[in-house]
Amino acid sequence: MEGRASPTLLDVFSAVDTRASAFLDELMDLVRQPSISSQGIGVAECAQLLLGTMSRSGLSARLLPTHGYPVVFGERHVGNDRPTLLVYGHYDVQPVDPLDAWDSPPFEPVIRDGRIWGRGSSDNKGQHLAQLLAMRTYLYVAGELPINVKVILEGEEESSSPHLAAFVEANAETLRADLVYTSDGPIHESGRATVVLGVRGILYVELRARGANTDVHSGNRGGVVPNPAWTLVDVLHSLRRPDGTVAIDGFYDGVRPIGPLERAALDALPVDVDEFLRGYGLSRLPPPDDWGFFERLMLQPTLNVSGFSSGYGGPGMKTIIPSTATAKLDMRLVADQDPEHVFRCLVEHVRARAPDVEVVRIGAMEPSRTPLDHAYVKLIAEAVAQAHDGQPPLIVPALGGSLPDYVFTRILGLPSILVPYANADQRNHAPNENFAVERFTRGIKTFAAVMEALAR
Ligand SMILES: [Zn+2]
């Protein structure tokens, strides 16, 4: 029976329940070890700790160097006739400030109200530990894993993974696999598990306009000195059509058409748009009017003005013609847009209208998407259901935000599926980060079911 858990898997589930408190202790040990990549605190020590965790879980483990903190790599080869799953996670954590907003110290984990509280408990130590503990339990119950596994735990994700792409390129042979699997972030607010197939990319730029070499009196020089704020406003205006679509030639190049499968997946996602709007004190969604809520959020690119600064913004009057104006723009890109191509199109657009405005590229990350009808999607969804009392997960075509998933889909050319384990109120990146104990054990069971599903 395809959708039903095998006797082995049921044994694994009950072994996970038996060991739940020992597994929690192991998570507490990991949380106790600070690993703040952006501040260089404890990261190398945490990598060492994870080598032991991997070995105890039946993997042969070693550190693989990058140009920054090392990747903790583990693998177990079962047979050439079995599929190979590449698991990604990150062992670094966010800084903890403001410290006085924590109910208990961030690196002294405690269990309270059915949750483990501490920095890194859910982002991401508890989530990748769940995969390792699933392997350990499966080995204990069945004597061998049903598939080949490789695990990479990155130490710089919270510093925006500056060396991950180069690492993946350099180690493509070592990382050879059939599918990439990541658990990070929260499940749906409704409590339903999700299977996520992609992320939007991003292109971040700054537009800089200059006027006179100094701010000048807007009366004494008004009418004879040009204002760079107007120059920028005109440029910004030209970037968007009245219907809300982006007016940069070539911007939409590569955008994957939304097919019937995607439409059906978007339609199946629950949302109360009125309640959403009320929550933000809004009365309507932005244009274009004919785009659905999740289409906007997942499968359409955006062009956003993140910031605009020029002249005087303080109280009362200051009558000047400012000497500079700056706008910061972020574009959320969807598969298969290319950030470099979009940047060139934007530069072209601005040069044709305001040649003196400088376009500065601040950062970029490519989008990523695994097709909804990929054979692995159904298997993973079935496995997730098995670990959730038969309740099928929501299928999410793409997250609105950006993660470096493209290193797997574009550089390695692999399908990549994300199955978040954390509770929706995990407070990742914030004080009082936590991981519901029940979600932790579900995560362990989910990964056990995933391994078994892929063996079919
Ligand atoms: Zn994070």
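Trainee: At what angle do helix H1 and helix H13 pack, and how far apart are their axes?

Mentor: First, a word on what we're looking at: this is a predicted model, where local features need pLDDT of at least 70 and side-chain atom pairs count only at pLDDT 80 or more, while totals for chains, interfaces and linings use all residues. Residues are numbered from 1 along each chain as its sequence is written, and side-chain values use heavy atoms, with hydrogens and water left out. Helices (H or I, at least four residues) and strands (E, at least two) are DSSP runs, numbered from the N terminus. Axes are lines fitted to C-alpha atoms, for helices over the stretch in contact, and angles run from 0 to 180 degrees between N-to-C directions. Here, H1 (residues 7–18) packs against H13 at about 160°, and their axes are 10 Å apart.

Trainee: What do you call an arrangement like that of H1 and H13?

Mentor: Angles under 35 degrees count as roughly parallel, over 145 as roughly antiparallel, 65 to 115 as roughly perpendicular and the rest as oblique. H1 and H13 are therefore roughly antiparallel. Their crossing is right-handed (the near helix is turned clockwise from the far one by less than a right angle; anticlockwise would be left-handed). On the H1 side, the contact (heavy atoms within 4.5 Å) is made by residues including Leu9, Val12 and Phe13, and on the H13 side by residues including Ile444 and Ala448. The residues of this contact split into seven nonpolar, two polar and three charged. For that split, Ala, Val, Leu, Ile, Met, Phe, Trp, Tyr, Cys and Pro are nonpolar, Asp, Glu, Lys and Arg are charged, and the others, Gly among them, are polar.

Trainee: How does H4 sit against H13?

Mentor: Helix H4 (residues 121–142) meets H13 at about 55°, with the axes 8 Å apart. That makes the two oblique to each other, because of the angle classes we just went through. H4 passes H13 in a right-handed crossing. Among the residues in contact are Leu129, Leu133 and Tyr138 of H4, with Phe440, Phe447 and Met451 of H13. This time the split is 11 nonpolar, three polar and one charged.

Trainee: Okay, on to sheets. In what order do S4, S5 and S19 stand?

Mentor: Two strands pair if DSSP finds at least two bridges between them. The order is S4-S5-S19, an open sheet of three strands with antiparallel pairing. S4 (110–112) and S19 (434–436) stand at the edges with a single partner strand each, so one side of each has no neighbour in the sheet. From one strand to the next, the twist averages 25°. S4 and S5 (residues 115–117) pair over three bridges, and Val110 stands opposite Trp117 in S5. Our friend H13 (residues 437–455) turns up again, lying across S4, S5 and S19 at about 65° to S19.

Trainee: Which strands are at the edges of the sheet S12-S14-S10-S15?

Mentor: That one is an open sheet of four strands, again paired antiparallel. Its edge strands are S12 (302–310) and S15 (358–365), each pairing on one side only. Neighbouring strands are turned by 15° against each other on average, direction ignored. Inside the sheet, S10 (residues 201–210) and S14 (residues 324–333) share 10 bridges, and Ala209 has Ala325 as its bridge partner in S14. Helix H6 (residues 228–238) lies across S10, S12 and S14, at about 20° to S14. Helix H10 (residues 339–353) touches S10, S14 and S15, and its direction makes about 165° with that of S15.

Trainee: How many salt bridges are there in the whole structure?

Mentor: A salt bridge is a side-chain nitrogen of Lys or Arg within 4 Å of a carboxyl oxygen of Asp or Glu. The search finds 25. One of them joins Arg32 and Asp29, at 2.8 Å from N to O. Both lie in helix H2 (residues 20–32), three residues apart, about one turn of the helix.

Trainee: Which residues does a cis peptide bond join?

Mentor: Most residues other than glycine have a negative phi, and most peptide bonds are trans. Asp123 and Asn124 are joined by a cis bond, with omega about 10°, and Asn124 is in H4. Ala335 and Asp336 are too, with omega about 0°, and Asp336 is in the loop between S14 and H10. As for phi, Ser160 has a positive value near 65°; Ser160 lies in the loop between S6 and helix H5 (164–170).
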